[in-house]
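Visitor: I am new to this structure and would love a close look at one part of it. Could you show me the aromatic cluster and walk me through its surroundings?

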Amino acid sequence: MNLDPRWITTRYRGSCSRCGAGIPAGTQAFYYPNGKQLYGKTCCDAAQEAAADFNAAVFDEAQYHGHW
């Protein structure tokens, strides 16, 4: 099971874990499956920040292990 955070298209209505805004079904959101946190793409900057943080961590790990 892949527990890495990722961009998803929501199947159900949800709410942003940061600002609480509604996220309609069928829209893009950044999802952390481990904590079931969902961040809306348009309600606040949380989704973009979360995606950038995760991508930076992946890059750093690859650098550390010499895979880049």
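Visitor: Before we zoom in, what pattern does the chain follow when read along the sequence?

Guide: Happy to help! Please keep in mind that this is a predicted model. Read from its beginning, the chain runs β-β-β-β-β-α, with one helix and five strands in total. For a sense of scale, the C-alpha atoms fill a box of roughly 40 × 25 × 20 Å along the principal axes. Of the 68 residues in the chain, 25% are buried. The accessible surface comes to about 4,900 Å², and carbon and sulfur atoms account for 49% of that.

Now to the part you asked about. The structure holds three aromatic pairs, and ring pairs link Trp-7, Phe-30, Tyr-32 and Tyr-39 into a cluster. Let us start with Trp-7 and Phe-30. Their ring centres lie 5.3 Å apart and their planes meet at 70°, so this pair is edge-to-face; the cut-off for that label is an angle over 60 degrees. Trp-7 belongs to strand 1 (residues 6–9) and Phe-30 to strand 4 (residues 28–32), so the pair ties together parts that are 23 residues apart in sequence. How covered are the two partners? Phe-30 has a relative accessibility of 3% and counts as buried, because the limit for that is under 20%. Trp-7, at 35%, counts as partly exposed.

Next comes the pair of Tyr-32 and Tyr-39, which is also edge-to-face, with 6.1 Å from centre to centre and 85° between the planes. Tyr-39 is buried, at a relative accessible area of 14%, while Tyr-32 is partly exposed at 24%.

Tyr-32 deserves a moment of its own. This residue lies in strand 4. Setting aside its neighbours within four places in sequence, Tyr-32 is in contact with Pro-5, Gln-37, Tyr-39 and Ala-50. Gln-63, by contrast, sits 31 residues from Tyr-32 along the chain, and the C-alpha atoms of the two are separated by 23 Å.

Return to Trp-7 for one more neighbour: Lys-41 lies over the face of this ring, at 5.5 Å from the ring centre.

Away from the rings, there is a link of another kind to look for. Side chains of opposite charge can pair when their charged atoms come close. A search of the whole structure finds one salt bridge, and its partners are Arg-18 and Glu-49, with 3.0 Å from N to O. Arg-18 is in the loop between strand 2 (14–15) and strand 3 (22–23), and Glu-49 is in helix 1 (residues 46–64), so this bridge ties together parts that are 31 residues apart in sequence. Glu-49 is partly exposed, with a relative accessible area of 36%.

To set these links in the wider picture, take the contacts in the chain between residues at least 6 apart in sequence: 31% of them join residues at least 24 apart.

Key: Residues numbered from 1 in each chain as written. Predicted model: local features only at pLDDT ≥ 70, side-chain atom pairs only at ≥ 80, totals over all residues. Heavy atoms only, no water. Salt bridge = Lys/Arg side-chain N within 4 Å of Asp/Glu carboxyl O. Helix = DSSP H or I, 4+ residues; strand = E, 2+ residues; numbered from the N terminus. Buried < 20%, exposed > 50% of the residue type's maximum accessible area, 1.4 Å probe, protein only. Phe/Tyr/Trp six-rings, centres within 6.5 Å; stacked < 30°, edge-to-face > 60°. Lys NZ or Arg CZ within 6 Å of the ring centre and 35° of its normal. Contact = heavy atoms within 4.5 Å. Areas by Shrake-Rupley, 256 points an atom, 1.4 Å probe, with all protein chains shown as cover.
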